[in-house]
Amino acid sequence: MKNFKYLALVGQLGLDIIVSALFWGFIGYLIDRLLKIDSSIFTIILGTLGLIGGFGAGFHRLFMQANIKNNKEREQKDE
């Protein structure tokens with residue numbers, strides 16, 4: 001059962017990255033179309049920033065999970 005928890009965490013990390021990049025890439029696409037820019041510069045910039053933000057959110061989730069695990073282990077040692 002413990003392994004399924006980590007499998008779900010890996011899946012969630014992937015979703016954090018992909019959804020963030022797609023969302024901000026789409027917002028950039030809308031800005032490009034609204035301003036009638038042919039080069040898709042906002043799509044590239046915002047998609048890249050979304051990708052970076054997704055990695056940040058994923059690592060934050062990973063470190064929070066590790067911190068929760070460490071806190072539980074410390075509580076068990078104290079008892």
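Among contacts in the protein between residues at least 6 apart in sequence, what percentage join residues at least 24 apart? The figure is 56%. The points below concern a predicted model, and they go from the overall fold to single residues.

1. Fold. The protein has two helices and zero strands. Helix H1 covers residues 2-34, and helix H2 covers residues 41-78. A loop lies between H1 and H2, and Lys36 is one of its residues.

2. Overall dimensions. The radius of gyration is 18 Å, whereas a compact globule of 79 residues would come out near 12 Å. Along the principal axes, the C-alpha atoms fill a box of roughly 65 × 20 × 15 Å. Both values should be read together with the two helices and the absence of strands.

3. Burial and surface. Of the 79 residues, 18% count as buried. The exposed area of the protein is about 6,300 Å², and carbon and sulfur atoms supply 69% of that area.

4. Salt bridge. The structure holds one salt bridge. Its partners are Arg61 and Asp16, with the closest N and O atoms 2.8 Å apart. This pair links distant parts of the chain, since Arg61 is in helix H2 and Asp16 is in helix H1, 45 residues apart. The two partners are covered to unlike degrees: Arg61 is partly exposed at 35% relative accessibility, while Asp16 is buried at 14%.

5. Surroundings of Asp16. Which residues does Asp16 contact, leaving aside its neighbours within four places in sequence? They are Gly54, Ala57, Gly58 and Arg61. Asp16 itself belongs to helix H1. Its relative accessibility of 14% is under the 20% limit, so Asp16 is classed as buried. Arg61, one of these contacts, is also the salt-bridge partner of Asp16.

6. Aromatic pairs, helix H1. There are three aromatic pairs in the structure. One of them joins Phe26 and Tyr29, which are stacked at 6.4 Å centre to centre with 25° between the planes. The angle is under 30 degrees, which is why the pair is called stacked. Phe26 and Tyr29 are three residues apart in helix H1, and so are separated by about one helical turn. Both rings belong to partly exposed residues: the relative accessible area is 47% for Phe26 and 38% for Tyr29.

7. Aromatic pairs, helix H2. Phe59 and Phe63 also form a stacked pair, at 6.3 Å centre to centre and with 25° between the planes. The two residues lie in helix H2, four residues apart, or about one turn of the helix. Phe59 is partly exposed, with a relative accessible area of 44%. Phe63 has 56% relative accessibility; that is over the 50% limit, so Phe63 counts as exposed.

8. Nonpolar surface patch. Which residues form the nonpolar patch on the surface? The members are Leu51, Phe55, Phe59, Leu62 and Phe63, and together they have about 470 Å² of accessible area. Two of these members, Phe59 and Phe63, make up the stacked pair described in point 7. Phe63, in helix H2, is the exposed partner at 56%, and Phe59 is partly exposed at 44%.

9. Lys36. Most residues other than glycine have a negative phi. Lys36 has phi near 55°, a positive value in a residue other than glycine. The residue lies in the loop between H1 and H2. At 71% relative accessibility, Lys36 counts as exposed.

10. Ser40. A positive phi is also found at Ser40, where the value is near 60°. Ser40 is in the loop between H1 and H2. Is Ser40 buried, partly exposed or exposed? Its relative accessibility is 24%, and Ser40 therefore counts as partly exposed.

11. Summary. The predicted model consists of two helices without strands, with a radius of gyration of 18 Å. A salt bridge between Arg61 and Asp16 links helix H2 to helix H1. Stacked aromatic pairs include Phe26 with Tyr29 and Phe59 with Phe63. Positive phi values occur at Lys36 and at Ser40.

Technical notes. Residues numbered from 1 in each chain as written. Predicted model: local features only at pLDDT ≥ 70, side-chain atom pairs only at ≥ 80, totals over all residues. Heavy atoms only, no water. Phe/Tyr/Trp six-rings, centres within 6.5 Å; stacked < 30°, edge-to-face > 60°. Buried < 20%, exposed > 50% of the residue type's maximum accessible area, 1.4 Å probe, protein only. Salt bridge = Lys/Arg side-chain N within 4 Å of Asp/Glu carboxyl O. Rg over C-alpha atoms; globule rule 2.2 N^0.38 Å. Contact = heavy atoms within 4.5 Å. Areas by Shrake-Rupley, 256 points an atom, 1.4 Å probe, with all protein chains shown as cover. Patch = residues over 30% accessible without salt bridge, like charges linked within 9 Å, V, L, I, M, F, W, Y side chains within 5 Å.
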